[in-house]
Amino acid sequence: MTTATNPRVLITGASSGIGRELAEIFARNGYRVLLAADDDLLDKAVDELRATGAAVDGHRLDLAVPDEVDRLAAWTQDVAGGVDALVLNAGTGVNGAFAGSATGLHEQLKVVDVNVRSVVHLAKLLVPGMVGAGHGRVLITSSIAGVSPGPYNSVYNASKAFLSSFAQALRDELRGSGVSVTTLMPGPTDTLFFDRAKMHDTKLGQSSKDDAKTVAEQGFSAMMKGTDHVVAGSFFNKVQSVAGHLLPDPLLAAVHRRMTMPGSGRR
Ligand SMILES: NC(=O)c1ccc[n+]([C@@H]2O[C@H](COP(=O)([O-])OP(=O)(O)OC[C@H]3O[C@@H](n4cnc5c(N)ncnc54)[C@H](OP(=O)(O)O)[C@@H]3O)[C@@H](O)[C@H]2O)c1
């Protein structure tokens, strides 16, 4: 049973995968949950969570469209009067040679717009309210992909490098404000991501994956503790994350290309 005094969270990318699991965890922890995503799965997530007795609202939008992001922030204010927690989780990827015809300009720019631009946009609109209130928790879903250049996922990996840097800088600026920023860094996780990025014929697409619920639980726990970042999932992800800081970029790129080159899964 939620009341007007329950804490409120906005979660982007809450219709499937890691965001959907985070929505369930927040609801279980007594939050009023505001969910944002782009397709019919959002309505299903809202219905399922409401059926558990949670207070849930959903807002459909395309995060790649700045006007729609403005409307999401205004809706958040109208529906809940602001948020105590903000989960900037939505993300998308594209696999294929950047200079080849298999990837289009529009879809590459959409990765930038959703993964980077919408995060900056929503943080700029919603974090000042949290600072004004003197408390708040922010979780930004980056990736261990952000520690390595990503041939055939070049824009995606670069977008995640941006997010990791942005989150750490914002965290530092907000020291003493009562608002913490945590970076969630999953490795390969069993969600719709690889389908949507058309990565089934790559070694990475076919590799073993972490469970989205486990990743979400680790993200939630780190966020609530105010930890700066968490590398979620398998021990191998932690090794990769450390290697990303120790090894030279050309070597990291060469290793990555073996995992993400289209057709690599058939060799
Ligand atoms: N799966 C992995 O291996 C992995 C690893 C590291 C990091 N991550 C990151 O984890 C986050 C969540 O991804 P996931 O793995 O859970 O994949 P997912 O199941 O595909 O979920 C992605 C979510 O983002 C939303 N989204 C994508 N484009 C959108 C747009 N233009 N407008 C509004 N919402 C949009 C989707 O909503 P709709 O369905 O409504 O479009 C969906 O709710 C992403 O940031 C991803 O980069 C994933």
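**View 1. Strand β1, tucked inside the fold.** Strand β1 covers residues 8-12, and 5 of its 5 residues are buried, so the rest of the structure largely encloses it. Buried here means under 20% relative accessible area, exposed means over 50%, and partly exposed is in between, with a 1.4 Å probe and protein chains only. Strands (E, at least two residues) and helices (H or I, at least four) are DSSP runs numbered from the N terminus. Arg8, Leu10 and Thr12 point one way from β1, while Val9 and Ile11 point the other way. The model is predicted, so local features need pLDDT of at least 70 and side-chain atom pairs count only at pLDDT 80 or more, while totals for chains, interfaces and linings use all residues. Residues are numbered from 1 along each chain as its sequence is written, and side-chain values use heavy atoms, with hydrogens and water left out.

**View 2. The partners of β1.** Strand β2 (residues 32-37) pairs with β1 in the parallel sense, over 5 bridges; two strands pair if DSSP finds at least two bridges between them. Valine 9 has valine 33 as its bridge partner in β2. Strand β4 (residues 85-88) also runs parallel to β1, with 3 bridges, and there valine 9 stands opposite alanine 85. Add helix α1 (residues 17-28) and you get a right-handed β-α-β unit made of β1, α1 and β2. Right-handed means that, with the strands pointing away from the viewer, the path from the first strand over the helix to the second runs clockwise.

**View 3. Around β4.** Aspartate 84 sits in the loop between α3 (66-80) and β4. This aspartate 84 is buried, at 13% relative accessible area, and its side chain reaches the backbone nitrogen of arginine 8 at 2.7 Å. Within β4 itself we find leucine 88, buried at 2% relative accessibility. Leucine 88 and alanine 161 are 73 residues apart in sequence, and their C-alpha atoms are 15 Å apart in space.

**View 4. The ligand and its shell.** The ligand is surrounded by 31 residues, and the closest are Asp38, Asp39, Tyr156, Thr191 and Arg196; a residue counts as near if one of its heavy atoms lies within 4 Å. One ligand oxygen is 2.8 Å from an N or O atom in the side chain of serine 16. A ligand nitrogen is 2.9 Å from a polar backbone atom of leucine 63. For tyrosine 156, an N or O atom in the side chain is 2.7 Å from a ligand oxygen. On its own the ligand exposes 870 Å², and the protein buries 96% of that; these areas come from the Shrake-Rupley method with a 1.4 Å probe. Elements giving two or more residues to the shell are α1, α4 (105-133), α5 (154-173) and α6 (193-196). Of these, α6 gives the most, with 3 residues.

**View 5. Two loop residues with positive phi.** Most residues other than glycine have a negative phi. Tyrosine 152 has phi near 70° and lies in the loop between β5 (136-141) and α5. Its relative accessible area is 19%, so tyrosine 152 counts as buried. Lysine 198 has phi near 55° and belongs to the loop between α6 and α7 (203-206). At 62% relative accessibility, lysine 198 is exposed.

Notes: A polar contact is a pair of N or O atoms within 3.5 Å; within protein, one must be able to donate a hydrogen and the other to accept it, and residues adjacent in sequence count only if both atoms are side-chain atoms.
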